[in-house]
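Visitor: I would like to go through this model with you, beginning with its confidence and ending with its contacts.

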Amino acid sequence: MQRFLIIRIIQSFFTLLVLSIAVFFGAEQTGDLALVLSTADTTQEELEELREKLGLNKPAHMRYLSWAGNAITGDLGRSGTKRRPVWDMLLERVPATLQLAAAGLFVAMAIGIPLGIIAAIYRNSYIDKFAKVFAIVGMSAPQFWVAIMLIMLFAAQWRLLPAFGKGGIDHYILPAFAISLFIMAGFMRLTRSSMLEVLDSEFVKFARIKGLSERVVIYKHALKNAIIPVLTFGGVSFAGLLNGSIVVEVVFAWPGIGLLMLNGIRERDVPVILATILTSGLLYIVLSTIVDLLYAYVDPRIRYG
Amino acid sequence: MATVDTEQILQEKKPLGAQVSDFYKKMKELKLPWFPVVVLIVLVICALFAPWITPQNPEDSSSIDVMKGVSKLGPFQSMENPLGVDRLGRDMLSRLVYGARISAFISVISLGFGAVVGTAVGITSGYFGGKTDAFIMRCCDAVMGFPTILLALIIVAIQGGAGIQNVIVAIIATVWARFARQIRGEVLTLKERDFVTMAVVAGVPAYKIMYRHIFPNVVNTVLIIVSLMVGQTILLEASLSFLGVGVPPGTSAWGIMVSEGRLNLVDLWWLSLLPGLCITVVVICMNLFGDWLRDTLDPKLRRT
Amino acid sequence: MAESPVLEVKNLKTHFFTRSGVVKAVDGVNFSLNAGETLGIVGESGSGKSMTALSIMGLVPQPAGKIVEGEILFNGDDLVQKTQAELQQIRGRDICMILQDPMTSLNPVFTVGNQVIETVKQSAKSNESLKNRAIELLHRVRIAAPESRIDNYPHQMSGGMRQRVVGAIAIAGAPQLLIADEATTSLDATIQYQYLALLKELQRDTGMAIIFITHDMGVVAKMCDYVAVMYAGKVAEIADVRDLFNNPTHPYTEALMRSVPNVDEEVDMLYAIEGQPPALDNLPPGCTFAPRCPYAFDKCFTEFPDIFQVGEASKRHTATCWKLSEK
């Protein structure tokens, strides 16, 4: 297990390195930081001075290394447009995104998994058919549209829930639901097919032969096996939720890194772009490593095998 | 008894009625999913013939009576604008039809090129193996692991911001890895097959082997992956448009239309509802059609 | 020998209703079994042996399958009439079954101990330590160091050991009837021998009846007192084991005996029965074996044979074949 962990860390480091290089040089293409920091009446000379000060004239690898060196110590530069240290901005925003993603995952699992289990047990019943339709629609509807429709109904028309911003639990409900829909469908489908497969297996047959009650057969034997692939999916999809968070953050004006990243791209704010992209990448890598570890823990064949 | 001329029988055509019922029987056998197919045909027609079939020019704001102010014409209220008008007075139906065109265009081009690039990479990587293969697969993993919108945004950012071209390149960059990985796996098994060995022994150059022998055998898989990815591609394009990094603002693309409708969610509710509904229906139909295609092409992939 | 049989199966018919027709998996099976006896059921794949066992357990796959006719009298009680809830009380306690592959019978994510204790719990007396009882059971099936094995996972054990665990689970409730469905087919020859010896010993100690389903005639010779030969869902011949081997009457039984290669003989070609078993949803009229039977005559193709007594009336030897009507 330790060996596994070490290999993963090395791989992740490598990926992050490549990503940072690619984004660093790519982001530089998008805009001249000096231009962004200057105003309309900055002269050419002042522009040149600024460039010199920012180190924009140094050779490529020097620029990258100095940025990377700073980044590791926590100095991610200052935002071109907002003039604040990027690190501070990140610190404010990352928790918000994580909270939204966690809420989304919770909702997706709380609804998707039970629905999948019931659909598998009562195969071909009305609830199974409803679940299937729900899954198809959930996976096909664009998240931003679902978010807007939710706002339209619950906030604008019926005035039940707030339409934007972060706050108490009621502020979480709509965004969490919007972000979770796509994944919820995935959970439902996966749980259903996993359960169906397990329900068909020999040890479930044997459990029935042993005379165990149907409830024990399903909830103890079948479920524990069926849940293993679902958990991996959960982990993978949590990382993917960071994906959907961008769009949902925009619609609900949720103060997370997605919104920060988007604005950075629009404003060609290079330090912000770099920092947010790398943070997202890092979050994703950390999460998927944790998932792989969890998986190894739950399945004793991997743990002791 | 007169001798029967086989030639004659082969050339004898059945009467039209019989031909039609044969066709109908064949269609029934195939179990085509009707609703998705109809929707997709409509989509294709919209995409190809948009300028000729739309009732009005989508740029035309003339439905506003400038004296009365912004028109609040909703769906099913007027024969001229069957689905209502937007805030600037443009006909919704026409805009939606043009939106179909844009979605179709972007999806087809990006998925098409993505498939080509991905397949080429996959075949090359799988055929030559070794360190190149390992490196390429590592890249594939990195790309595939990343959340798609994030990746697309990164690529858009690297290219310098919004624009149709950048969106297309971004989507291609997101999509190719899926093809590369799957195809490479198939190539690994294919290249051990006898007909490849014989070609190698006969001195056929590598590029020719890849092109003439390997490629035709992976076409099926390519089609299957395409069918899996279409829905996702349309969603990605719509999301990018919605975020404002896709087509220029004001264009009649579904994603943008949804975004425009945000300001008038209650009174002009159809502005956001209709284009989003279009996207949902099209993606549903694509997915259903893709399922059917996979079931017909390869029953082994059948799901519960 | 008990006076009344532990199990009596009368004219059991289990059919499957599928889109392509009715599959008659079990089509009129009769036998009875006394306490302490071992009945062997032999036949090719698809002959209905396993489905007979599942019918007895009340675990016919639904909704497609259904017991359409017949009685299964367990100590005089008809199991066909019972509800699933009642059957569930009987399973694991009075009637038990062992399946072919112990690796798939055991749940891979629970320890062996956990799974044995599950069954022990059902029939335990309240003040008994469940863990001790489990260890005792593992000891009974001759697993060394049972105290440490209790915490093992199935994949940490060998095939033979796993099958013993399955055996321990099966006898936990002190069943009156044990059904072993190809229980030794996946084991190595030497392990097989030990396992069969174990089963015989358990039977001697508890007096339980055993139904042994197999396609291996060698195992039949070693284990069984009484044998039923099944073909296409019906019993072709049923007899005491010695009578069956000395005097195989039904042509199918004859052919089966001949298919077993004799180690002492030198032959150029192994004997195989010509033809294929019939499709169970499209049975021919008349005797189901007739198309492959070397002795078949006209009547065989038109009417299904009656059951005829073979040899003296006191012997339990019957065969379903028109050949016997001429004698």
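The questions and answers below cover confidence, a sheet, a helix pair and two interfaces.

Guide: This is a predicted model, in which local features need pLDDT of at least 70, side-chain atom pairs count only at pLDDT 80 or more, and totals for chains, interfaces and linings use all residues. Residues are numbered from 1 along each chain as its sequence is written, with chains lettered from A and ligands numbered from 1 in the order in which they are written.

Visitor: What is the mean pLDDT of chain C?

Guide: pLDDT is the predictor's confidence in each residue, from 0 to 100. In chain C, 94% of the residues reach 70 or more. The mean pLDDT of chain C is 83.

Visitor: Which strands are the edge strands of the open sheet in chain C?

Guide: Helices (H or I, at least four residues) and strands (E, at least two) are DSSP runs, numbered from the N terminus, and two strands pair if DSSP finds at least two bridges between them. The open sheet has four strands in the order E2-E1-E4-E5 (chain C), with antiparallel pairing. An edge strand pairs on one side only, and here these are E2 (21-33) and E5 (77-78) of chain C.

Visitor: What is the bridge partner of Lys10(C) in E4(C)?

Guide: Strands E1 (residues 7-18) and E4 (residues 65-74) of chain C run antiparallel and are joined by eight bridges. In E4(C), Lys10(C) has as its bridge partner Glu71(C).

Visitor: Why is H6(B) called parallel or oblique to H9(B)?

Guide: Axes are lines fitted to C-alpha atoms, for helices over the stretch in contact, and angles run from 0 to 180 degrees between N-to-C directions. Angles under 35 degrees count as roughly parallel, over 145 as roughly antiparallel, 65 to 115 as roughly perpendicular and the rest as oblique. The axes of H6(B) and H9(B) come within 11 Å and cross at roughly 55°. That angle is why H6(B) is, relative to H9(B), oblique.

Visitor: Which residues in H9(B) are met by Thr148(B), Ile149(B) and Ala152(B) in H6(B)?

Guide: Two residues are in contact if their C-beta atoms, placed from the backbone, lie within 7 Å. The three residues of H6(B) meet Leu236(B), Ser239(B) and Leu240(B).

Visitor: Which helix gives the most to the side of chain C that touches chain A?

Guide: The contact takes 23 residues from chain C and 18 residues from chain A. Helices H2 (84-90), H3 (102-105) and H4 (112-123) of chain C each supply at least two residues of that side. With three residues, the one that gives the most is H4(C).

Visitor: How many residues does the contact take from chain B and from chain A?

Guide: Among the elements giving two or more residues to the chain B side is helix H5 (130-145) of chain B. The contact takes from chain B 36 residues and from chain A 37 residues.
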